[in-house]
Amino acid sequence: MNTPVERNEKHNDKKPTEESKINGAVKIILDRAMSDKYLPKLIDSCKKDKPMKTQMRAISALQLLTRRDGNRSTLLSRGALEVLVDALKCTDPEMKESVQRYAAVSICDLIQMSDISKYYIIDLGILDAIKRILTSATIRNNELKYWTLMILYQISRSEPFPKVLVQDGFVAVLAKMARITYGNTNMPKFCIQSLVRIISNVDVVEAKAILTELLDYNVIDLISISLRSEDLELVYWAAGLMHEFVLKGKKGANMVLILNVSHVAG
């Protein structure tokens with residue numbers, strides 16, 4: 001027979017922890033927010049014709065919903081991308097950078113593995129917003145810049161978007177961003193990876209022009225520095241960019257690159 005102490009310990013083991021209670025409550029709230037009754041109201045509250053405080057609260061809530069894989073198809077069909085892109089495009093001083101970061105994270109979640117969604121956000125004019133944020137000298141939220149870069153990275157992974165990015169001047173943007181980490185060492189890696197994808201998805205004449213343009217941004221020094229990194233993914237993509245230079249770049253640039261790489265190897 002169990003003693004009173006043992007029975008009490010077993011009883012306590014069955015009690016839900018405070019954390020599990022909170023998680024359960026959050027799940028109920030998020031499930032309710034996805035219902036036919038509440039989701040249209042939430043997305044409508046994100047629209048740019050609503051008061052700014054209402055928009056920002058709604059976008060923050062919407063970001064929680066986009067984190068769950070099972071919600072994404074419903075959110076896409078309900079028009080979530082349109083309000084999120086509008087939030088990222090917003091230049092109203094009252095719009096907080098932290099809320100735009102939520103919008104950028106949500107867009108990344110929703111466009112993964114969906115070329116149709118990438119087409120849609122480009123049609124909505126997201127590229128201008130991406131360029132404005134990544135080149136801004138006044139935006140101080142590094143996480144906003146990082147997640148905006150992640151949108152660009154996702155776009156660069158699918159055909160025919162590399163050509164679109166070239167036409168819109170993103171080679172220069174990526175080359176400049178690759179040299180700036182904002183405290184996040186993943187940023188150079190994703191910039192270089194995007195550049196490799198762009199160069200490898202255009203014809204040889206256009207690739208030569210891009211590689212020539214990259215020389216103006218000291219990209220050979222960037223390759224040499226990246227090849228010394230302990231991040232093996234960064235080394236891999238830097239080697240990929242070097243490979244594009246060897247195959248398609250100017251002979252003079254190739255010689256400089258070979259000398260720099262020889263110095264790294266030594």
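**Group meeting: a helical chain, helix α10 and Leu-62**

The chain has 17 helices and 0 strands. Keep in mind that this is a predicted model.

Some totals to begin. The chain has 266 residues, and 44% of them count as buried. Its accessible surface comes to about 14,400 Å². Carbon and sulfur atoms hold 54% of that surface. Now contacts. Take those between residues at least 6 apart in sequence: 68% join residues at least 24 apart.

On to helix α10. It covers residues 142–156. Does its length fit its residue count? Let me put that properly: what should 15 residues span at 1.5 Å a residue? The answer is 21 Å, and the end C-alpha atoms of α10 are 21 Å apart, so the two agree.

Look at the N-terminal end of α10. Asn-141 caps it. A side-chain oxygen of Asn-141 sits 3.1 Å from the backbone nitrogen of Glu-143.

How many of the 15 residues of α10 are buried? The count is 12, so to speak of α10 as mostly covered is fair. Among them are Leu-144, Tyr-146, Met-150 and Tyr-153. Polar side chains are on the list as well, including Lys-145, Gln-154 and Ser-156.

Last stop: Leu-62, in helix α4, residues 52–66. Buried or exposed? Leu-62 is buried, because its relative accessible area is 0%, and the cut-off is under 20%.

What does Leu-62 touch, leaving out residues up to four places away in sequence? Leu-42, Ile-43, Cys-46, Leu-75, Ala-80, Val-83 and Leu-84. Take Leu-42. It lies 20 residues from Leu-62 in sequence, yet the C-alpha atoms are 7.5 Å apart.

Methods
Residues numbered from 1 in each chain as written. Predicted model: local features only at pLDDT ≥ 70, side-chain atom pairs only at ≥ 80, totals over all residues. Heavy atoms only, no water. Helix = DSSP H or I, 4+ residues; strand = E, 2+ residues; numbered from the N terminus. Expected span 1.5 Å × (residues − 1). Buried < 20%, exposed > 50% of the residue type's maximum accessible area, 1.4 Å probe, protein only. Polar contact = N/O pair within 3.5 Å; in protein donor to acceptor, adjacent residues only side chain to side chain. Contact = heavy atoms within 4.5 Å. Areas by Shrake-Rupley, 256 points an atom, 1.4 Å probe, with all protein chains shown as cover.
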